[in-house]
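Me: I am new to this structure and should be grateful for a close look at its enclosed and open spaces. Please begin there and then proceed to the residues and charged pairs that can be described around them and elsewhere.

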Amino acid sequence: MKWFGVFLEARLSPFQYLNMSMVETRRQFASDNNSGICPEVLEAIRRFNSGHVVAYGSDEITAKTQRYFRELFETDCVTYFVFNGTAANSLAIGSFCSSHHSVLCHRFSHVESDECNAPGFLNQGLRVVPIDGTNGRIDPSNLQQILRGGRLVHASQPRVLSLTNSTELGTLYRPDAIAELAEIAKKNHLAVHVDGARFANGVASADCTPAELTWKVGVDVLVFGGTKNGLGFGEAVVFFDKNAAADFLYRMKQSGQLASKMRFLAAQWIGLLLDDKWLRYAQHSNAMAERLASQLSRVETIKILFPREANAVFAKIPEPVVAKLYERGWRFYTDVGPGGGARLMCSWDTTEEDVDSFAKDILSLPQ
């Protein structure tokens, strides 16, 4: 009880009130980062674990995975594998930039609000410029306004437009929306980067091909997230502009992202890409989020804050209800994005029973 009081005095997250000796195994709605590794990925790691293999990505397993990406995107793209999304975004963006450049992104993007200025740290001098837009999407008119009236040598020059798909507010850029923004970017000599930490969920929601959501509408580089969709670790950086990828291995090495045992980063993707498991898991987590949103929308005291277009539900839940849910062992965040609502994330392993149990507990509480 003494430590519990200390935590309360420090005003820490409810997640930190847990007994640190406990192992939390219950499926939650806090983050799709919290889920385990899907069975196909575990099997791929086991299958490619035997024997000695050339290090640093010069192996057949990595080459095979890169071929899978070319097939998936229907083009001769160049793919690299790094440990995490923050580095992936920062290095991908930096591939197009010099020290006097800036990257334009939504003000609620991960690049702006959750990466501790890693783009500026890993690419010295690079500036991040936030842009507004409803529901987590950049508004084309706001982008055009930012690009007007530049101060030339007196200001950082825009070089990259960064889009998050699906967005940090659980919404989606569909192909026509990306095409419109990319056209503005290209006219102003900007490259287009997509933070696709939940790209699989975006593809599943848009009901289109990966190619139709990327290079066919003007995307130059994509960070294809795997960690939130069944991988244990690692993201793929997919260059559609091959010229920009020329020095990427050097960037990986200097930033500590060039894995010596690269085969294990690559092998995970083989497990996820075979038989379209990546897409099926994304479709499933999207469906669980839709089920959750549907049930919450029937509660008069709860307001759904943003359109449910991927695997996230943002809802304004009365604070006393939130407190009671925490007491019952549920874990979710209430400080992500605008509106002061709860962010409820569904994962590849979320079940209908998980959703129904959470909704049942809400309905059982005084509103």
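Reply: What follows is an account of the pocket, the cavities, two individual residues and the salt bridges.

The model is predicted. Its largest pocket has a volume of about 370 Å³. The lining of this pocket is made up of 23 residues, and those closest to the centre are His110, Asp114, Glu168, Lys228 and Arg343. Two elements give two or more residues to the lining, namely α4 (85-94) and α5 (110-113). Of these, α4 provides the largest share, with 3 residues. By class, the pocket lining comprises 10 charged, 8 polar and 5 nonpolar residues.

The enclosed spaces may be taken next. A search of the whole structure finds 2 cavities of 30 Å³ or more. The largest cavity holds about 60 Å³ of space. Its lining consists of Cys105, His106, Phe108, Ser109, Gly136, Ile138, Ser162, Leu163, Thr164, Thr167, Glu168 and Tyr173. The strands β2 (101-106) and β4 (157-164) are the elements that give two or more residues to this lining. The most comes from β4, with 3 residues. In the lining of the largest cavity, 6 residues are polar, 5 are nonpolar and 1 is charged.

The second largest cavity contains about 40 Å³ of space. It is lined by Ser166, Thr167, Glu168, Leu169, Gly170, Arg198, Asn311, Ala312, Phe314, Arg343 and Met345. Here the elements that give two or more residues are β9 and β10 (342-345). The lining of this second cavity divides into 4 nonpolar, 4 polar and 3 charged residues.

Certain names recur across these spaces. Glu168 is among the residues closest to the centre of the largest pocket, and Glu168 also lines the largest cavity and the second largest cavity. Arg343 likewise belongs to the residues closest to the pocket centre and to the lining of the second largest cavity. Thr167 is found in the lining of the largest cavity and in that of the second largest cavity.

Arginine 198, which lines the second largest cavity, deserves separate attention. This residue lies in the loop between β5 (191-196) and α9 (199-206). Is arginine 198 buried or exposed? Its relative accessibility is 7%, so arginine 198 counts as buried. The side chain of arginine 198 makes a polar contact of 2.8 Å with the side chain of aspartate 32. Leaving aside residues up to four places away in sequence, arginine 198 touches Asp32, Asn165, Ser166, Glu168, Lys228, Asn311, Arg343 and Met345. Among these contacts, Glu168, Lys228 and Arg343 are also listed with the residues closest to the centre of the largest pocket.

Proline 307 is placed in another loop, between β8 (303-304) and β9 (312-316). With a relative accessible area of 35%, proline 307 is partly exposed. Proline 307 and leucine 169 are 138 residues apart in sequence, while their C-alpha atoms are 8.6 Å apart in space. Leucine 169 itself lines the second largest cavity. Not counting residues up to four places away in sequence, proline 307 touches Asn135, Gly170 and Thr171.

The charged pairs complete the picture. Side chains of opposite charge can pair when their charged atoms come close. In this model the count comes to 15 salt bridges. One of them joins arginine 67 to glutamate 60, with the closest N and O atoms 2.6 Å apart. Arginine 67 is partly exposed, at 34% relative accessibility.

Another salt bridge links the side chains of lysine 187 and glutamate 183, at 3.5 Å from N to O. These two residues are 4 residues apart in helix α8 (residues 175-187), and are therefore separated by about one helical turn. Lysine 187 is exposed, with a relative accessible area of 61%, whereas glutamate 183 is partly exposed at 46%.

A further pair is formed by lysine 324 and glutamate 327, whose closest N and O atoms are 3.7 Å apart. Both lie in helix α13 (residues 319-327), 3 residues apart, about one turn of the helix. Lysine 324 is partly exposed, with a relative accessible area of 42%, and glutamate 327 is exposed, with 60%. Finally, Arg291, Glu352 and Asp356 are linked in a network of salt bridges.

Methods. Residues numbered from 1 in each chain as written. Predicted model: local features only at pLDDT ≥ 70, side-chain atom pairs only at ≥ 80, totals over all residues. Heavy atoms only, no water. 1 Å grid on protein atoms, 1.4 Å probe; cavity = no way out; pocket = protein on both sides within 12 Å on 5 of 7 lines; lining within 4 Å. Points joined across faces, edges and corners; volume = space filled by probe spheres on them. Nonpolar A, V, L, I, M, F, W, Y, C, P; charged D, E, K, R; others polar. Salt bridge = Lys/Arg side-chain N within 4 Å of Asp/Glu carboxyl O. Buried < 20%, exposed > 50% of the residue type's maximum accessible area, 1.4 Å probe, protein only. Polar contact = N/O pair within 3.5 Å; in protein donor to acceptor, adjacent residues only side chain to side chain. Contact = heavy atoms within 4.5 Å.
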